[in-house]
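Thanks for coming. I will go through one structure today, starting with a single turn and working outwards. Please have the sequence and the model open.

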Amino acid sequence: TYGGVLFAAGGTTGFAGTSYGIRTQVFGAWQAIGGELNGPIHALEYFDGAIVAGGAFTDAFLSPGNTYEHVARLTESGWAPCAGGLNGVVYDLMQYNGDLYATGQMITMMGPLFGLASLGAGAEAWQPLMPNIQNYITPSPVDGPSVGYSMVERNGKIYIAGDINAYSGLTFGNAVVVYNGAPDDVEPYANFNGVGHSIALL
């Protein structure tokens, strides 16, 4: 919700395939806004005067382009690029301390992706917070890529849950990592022998 208004993201399947967008509830009825995208929307956040969506989309519905590159801002005229986007699927967005944070795909057998990035108000580009991610996050030879699904801030640190395989020195872990506030200052925080799907501070 933002300003007491409820927003939902999802897909609609028709003759041309499945399109993805967001809807808002007005006087009890759901109304589509912003136009349709070519991939799932996994996260919504309000930042710098606009709704921001993150997901697996890269452009408008039926377009193979990369106009949005996994992140888009909702404007009065529809979706618009958000600071050049990110080079992997976004699964969670979080506003903290005046900045927008995104997490999602971290590393695959093909190479590293963004993992965690931040965007300041009015900034023209995302700041990579895991620029050397290959030094502490690894893909799993069994389960495939490492991916962050959910994050939360606590005491200035960002905790990320996901299908993550991490190491720091001789310490190995999975499911949860902690970003300590400086680029590449990341360490394993759990070893669940499984996947972390959600994390919250309650």
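Let us begin at the hairpin of β4 and β5, where two residues sit between the strands and aspartate 48 takes a positive phi near 55°. This is a predicted model, so please keep that in mind throughout. Aspartate 48 is not a glycine, and yet its phi is positive. You will find aspartate 48 in the loop between β4 and β5. Is aspartate 48 buried or partly exposed? Its relative accessible area is 36%, so aspartate 48 is partly exposed.

Now the strands on either side of that turn. Strand β4 covers residues 41–47 and strand β5 covers residues 50–55; they run antiparallel and are joined by six bridges. To find the register, take glutamate 45, whose bridge partner in β5 is valine 52.

The hairpin belongs to something wider. Which strands make up the sheet, and in what order? Four strands form an open sheet, with the order β4-β5-β6-β7 and antiparallel pairing. At the edges are β4 and β7, the latter being residues 78–81, and each of these pairs on one side only. On average, neighbouring strands in this sheet are turned by 30° against each other, if direction is ignored.

At the other end of the sheet, β6, residues 71–75, pairs with β7 in the antiparallel sense, over four bridges. Here the register can be read from arginine 73, which has alanine 80 as its bridge partner in β7.

Between β5 and β6 there is a loop, and glutamate 69 is found in it. Glutamate 69 is another residue other than glycine with a positive phi, in this case near 50°. With a relative accessible area of 22%, glutamate 69 counts as partly exposed, because the cut-off for buried is under 20%.

Next, a residue inside strand β6, namely leucine 74. Its relative accessibility is 15%, so leucine 74 counts as buried. What does leucine 74 touch, leaving out residues up to four places away in sequence? The list is Ile22, Ile33, Gly34, Ala50, Ile51 and Trp79. Take isoleucine 22 from that list: it is 52 residues from leucine 74 along the chain, and their C-alpha atoms are separated by 9.9 Å.

A general remark before the cores. In soluble globular proteins, nonpolar side chains tend to be buried together.

In this model the largest nonpolar core has 18 residues, and Met130, Ile137 and Ile160 have the most contacts inside it. Which elements give two or more residues to this core? They are β9 (99–108), β15 (157–168) and β16 (171–179). The largest share comes from β15, with four residues.

Let us look at isoleucine 160 in more detail. Apart from neighbours within four places in sequence, isoleucine 160 is in contact with a list of residues including Thr103, Met106, Leu116, Met130 and Val176. There is also a second, separate core of 15 residues, and among its members are Val52, Leu100, Ala102 and Phe114. We have already come across valine 52, as the bridge partner of glutamate 45.

Not every buried position is nonpolar, so to speak, and asparagine 174 in strand β16 is the case to look at. Asparagine 174 has a relative accessibility of 12% and therefore counts as buried. Where does its side chain reach? One point is the backbone nitrogen of phenylalanine 192, at 2.9 Å. Another is the backbone nitrogen of asparagine 193, which lies 3.0 Å from a polar atom of the asparagine 174 side chain. Residues up to four places away not counted, asparagine 174 touches Ile164, Asn165, Ala190, Asn191, Phe192, Asn193 and Gly194.

Last, the whole protein. How many helices and strands does it have? There are zero helices and 17 strands. The radius of gyration is 17 Å, close to the 17 Å given by the globule rule for 202 residues, so the protein is as compact as a globular protein of that length. The C-alpha trace spans about 55 × 35 × 30 Å along its principal axes. Of the 202 residues, 44% are buried. Among contacts between residues at least 6 apart in sequence, 39% join residues at least 24 apart.

That is the tour, from one turn to the whole chain.

Key: Residues numbered from 1 in each chain as written. Predicted model: local features only at pLDDT ≥ 70, side-chain atom pairs only at ≥ 80, totals over all residues. Heavy atoms only, no water. Pairing = 2+ DSSP bridges. Axes fitted to C-alpha atoms, helices over the stretch in contact; angles between N-to-C directions. Buried < 20%, exposed > 50% of the residue type's maximum accessible area, 1.4 Å probe, protein only. Core = buried A, V, L, I, M, F, W, Y, C linked by side-chain atoms within 4.5 Å. Contact = heavy atoms within 4.5 Å. Polar contact = N/O pair within 3.5 Å; in protein donor to acceptor, adjacent residues only side chain to side chain. Rg over C-alpha atoms; globule rule 2.2 N^0.38 Å.
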